[in-house]
Structure formats: C-alpha cells, structure tokens
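Visitor: I am new to this structure and would be grateful for a close look at a single part of it. Could you please take me through the strands and how they are arranged?

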Amino acid sequence: INDLFFLQGRLGFVAGPNVVMSETNRYFNLFRTTVRQILDSDPIDAAVQDAFETNLKHAVTWDNQAILFSANSQFAISGEPLLTPKTFASKVIGRWECDAITRPLLVQNSMLFCSEVGGYTRVWELYRQGDSDFFNAADITAEVPKYIAGSPVHMSLSPMEQAVVVQTDSSEHIVYLYKFFMQGNEKAQSAWCKLTLDSTVA
C-alpha cells in the first residue's frame, strides 16, 4: 500500500495499478456483503486503465474525485452519479513526472507536486482548464530551475499564510518557501525564497 485517501464515504488504498475502496460508510469492510448481487455500497477493487505499466504512489481527493499519481502519469477516478463498483471509472489526465516520496498538496483550486531534474527540485501546479474535465500543469519553478537544490523529501502547506514549504535532501538546515497571494481564484503574486535555520529540519 502506497497511499490512503477518502472519497464519497469510502476509505481508499492504492497499490501497484490497483485502487481498493471500502464499503460506503464502513471504512473497515473490504468484502462484499452478498454474492447474489453487486450493491452500490459494495467495496471497489479495480485497476486504472493505461497503456503503460503503472505503480500508483499518491492519491489526493479533489472535489468529487481522486487524483492518482504514478512516476510518470496522473489519473482521475470518479463515478457518475455516485462512485459504485459499476460506475467506477479512471482516465489519464497527464503525463508529468512526479516524485515518489513527496506527497502532492491540494492548494485551493489547484494541486502542487514535485519532480527532480538534474539534481534540482521542480514544483508543478496541476489545474483544471476552466470548467472542463481537462487538466494542465505549469512549472512554478520555471523562472528559477536551479534554485531548489537536491531531491524533494517533504512538502507542506500553511493555508492561513498562503505559503508552501519544500524540504530537500541537500541540507538539514535549509527549507524553500513558496509564498503566494490569491485574489479570488486568481494568483496575484508569488515568489520563492530560501530559509536557513539554526536547527535541523525534522
């Protein structure tokens, strides 16, 4: 099991290409309650559909669906009108590299995830294109591609401060701060800075 998530009253797990979800509102039941018929509330056990071998690493709930990340792909899982064993559906929404250790963060109306390129960390922002079901991603470190040294190990969010902290394996005393200012749903301003601490970062 690589990650856990909650979606529509179900506890979910990702492992390899598979998504396993509990019975609705019964988080610890992973078995069907009857073999005579498939109930809408029954647990779900399915694999994401992709042409490539997939090992899912992260799962983050976003609105009424879950976004899953492998090393090189992103998937959305959902069900209409409700998520059931019969309506479960997955689709590929992107082909961006994603770090296997650092868990993506939901930041208001977008999601941040990391990758490592040539010894430096890149941070990407995944977002919907308008009101559609199509997604895109922007490299929010594009202006400073060699600023965050090392591979990412942790990323955390402070919603009140509108700030994201990224820690890498380059130093136990350095963290990188991404500060942003939102006006409604639009990002009015953003900047990166580096903080050097006297004590080590746990």
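Guide: Let us begin with an open sheet of this predicted model. Four strands make up this sheet, in the order β5-β6-β7-β8, and their pairing is antiparallel. At its edges lie β5, covering residues 58-62, and β8, covering residues 89-94; each of these two strands pairs on one side only. From one strand to the next, the twist averages 25°. As a general point, the strands of a sheet pair through backbone hydrogen bonds, and they may do so in a parallel or an antiparallel manner.

One pairing in this sheet deserves a closer view. Strand β7 comprises residues 74-78, and five bridges join it to β8. The two strands run antiparallel. Within this pairing, Ile77 has Ser90 of β8 as its bridge partner.

For context, the model also holds an open sheet of four strands in the order β1-β2-β3-β4, again with antiparallel pairing. Its edge strands are β1, residues 3-7, and β4, residues 44-47, each of which pairs on one side only. Here the twist averages 20° from one strand to the next. Strand β3, made up of residues 18-21, is joined to β4 by four bridges, and these strands run antiparallel. The bridge partner of Val19 is Ala46, which lies in β4.

To return to the part with which we began, β8 is an edge strand of its sheet, and its link to β7 consists of five bridges.

Notes: Residues are numbered from 1 along each chain as its sequence is written. This is a predicted model: local features need pLDDT of at least 70, side-chain atom pairs count only at pLDDT 80 or more; totals for chains, interfaces and linings use all residues. Side-chain values use heavy atoms; hydrogens and water are left out. Two strands pair if DSSP finds at least two bridges between them. Axes are lines fitted to C-alpha atoms, for helices over the stretch in contact, and angles run from 0 to 180 degrees between N-to-C directions.
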